[in-house]
Amino acid sequence: MIYTLQRAIDGLYLACIWVAGLSIVAMSLIIPVGVFARYVLGYGAQWPEPIAILLMVVFTFIGAAAGYRAGAHIAVGMVTDRLPPPLQKVFSIVVDLLMIIASLFMIVWGFKLSMETMSQSLAAIPSIPVGLTYAPLPLGGLCTLVFVLEKLFLGAQHGRAVVRFDHQVDDAAAEA
């Protein structure tokens with residue numbers, strides 16, 4: 001049962017990594033298109049900037065969730081790593097509880113913000129509702145909440161091999 005749960009959360013983690021990665025790649029392609037259109041073609045396209053901003057929001061909130069699970073969030077361990085071992089465990093739980101509060105805040109208020117602005121549209125791209133641009137906030141909060149609860153109940157997962165190349169690194173380290 002726990003293995004199945006971990007594999008499902010691994011899938012969520014990989015989805016977060018892919019969504020965040022594709023967002024930054026797409027953003028890196030869209031911005032030069034806007035610059036090229038404006039300065040070479042003399043046509044200032046209106047869509048590149050709002051789409052790049054939307055992709056940055058996706059990258060930020062979804063990528064932050066993946067970063068938390070990967071143990072790459074520097075603020076999480078900055079204080080707790082300097083404490084004596086007995087206090088580290090206590091403060092680690094306190095940090096996780098604070099992360100749960102922050103995640104719930106993002107979910108609840110992000111959802112409300114997204115729903116309340118769904119009837120408005122972006123000026124540059126009228127077919128995209130403003131609420132859609134806020135959707136990464138509650139989604140990122142939900143992913144972070146799942147990863148925090150996983151850490152609380154199953155322990156930190158950043159040392160586990162999640163994808164195939166992680167296993168190859170582990171095998172190479174074992175052979176050395």
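How many salt bridges does a search of the whole structure find? The count is four. Before I go through them, note that this is a predicted model.

I'll start with Arg69. Its side chain meets that of Asp10 in a salt bridge, at 2.6 Å from N to O. Asp10 is in helix α1 and Arg69 in helix α2, so we have a link between distant parts of the chain, 59 residues apart. Both of these residues are buried; for Arg69 the relative accessible area is 5%, which is why it counts as such.

Arg69 has another partner, Glu150, with the closest N and O atoms 2.8 Å apart. Glu150 belongs to helix α6, so its pairing with Arg69 in α2 ties together parts that are 81 residues apart in sequence. Glu150 is buried too, because its relative accessible area is 3%. If you include Arg7, you get a network of salt bridges linking Arg7, Asp10, Arg69 and Glu150.

Away from those residues, Lys151 forms a salt bridge with Asp96, and here the closest N and O atoms are 3.3 Å apart. This pair also joins distant parts of the chain, Lys151 being in helix α6 and Asp96 in helix α4, 55 residues apart. Are the two ends of that pair buried or partly exposed? Lys151 has 22% relative accessibility, so it counts as partly exposed. Asp96 is at 3%, so it is buried.

Next, the nonpolar side. The largest nonpolar core has 18 residues, and the members that touch the most others are Tyr13, Cys16, Tyr68, Met99, Cys143, Phe147 and Val148. Four helices give two or more residues each to this core: α1 (2–39), α2 (48–70), α4 (85–116) and α6 (136–154). Which of them gives the most? That is α2, with six residues. There is also a second, separate core of nine residues, which includes Ala52, Leu55, Ile128 and Val130.

Two of the names in the largest core are cysteines, Cys16 and Cys143. Setting aside residues up to four places away in sequence, Cys143 touches Leu12, Cys16 and Ala65. So what is the disulfide count? It is zero. For Cys16, the nearest cysteine sulfur is that of Cys143, 3.7 Å away. The cut-off for a disulfide is 2.5 Å between the sulfur atoms, so this pair does not qualify. Both are buried: Cys16 because its relative accessible area is 2%, and Cys143 because its value is 10%.

One more buried position is Ser114, in helix α4. Its relative accessible area is 4%, so it falls in the buried class. What is Ser114 in contact with, leaving aside its neighbours within four places in sequence? The contacts are Gly131, Leu132, Tyr134 and Ala135.

Last, the surface. Ile31, Val35, Phe36, Tyr39, Val40, Leu41 and Tyr43 make a nonpolar surface patch of about 800 Å². Of these, Tyr43 sits in the loop between α1 and α2. Tyr43 counts as exposed because its relative accessibility is 56%.

To recap: there are four salt bridges, with Arg69 paired to both Asp10 and Glu150. The disulfide count is zero, and a nonpolar patch of about 800 Å² is on the surface.

Technical notes
Residues numbered from 1 in each chain as written. Predicted model: local features only at pLDDT ≥ 70, side-chain atom pairs only at ≥ 80, totals over all residues. Heavy atoms only, no water. Core = buried A, V, L, I, M, F, W, Y, C linked by side-chain atoms within 4.5 Å. Buried < 20%, exposed > 50% of the residue type's maximum accessible area, 1.4 Å probe, protein only. Contact = heavy atoms within 4.5 Å. Patch = residues over 30% accessible without salt bridge, like charges linked within 9 Å, V, L, I, M, F, W, Y side chains within 5 Å. Areas by Shrake-Rupley, 256 points an atom, 1.4 Å probe, with all protein chains shown as cover.
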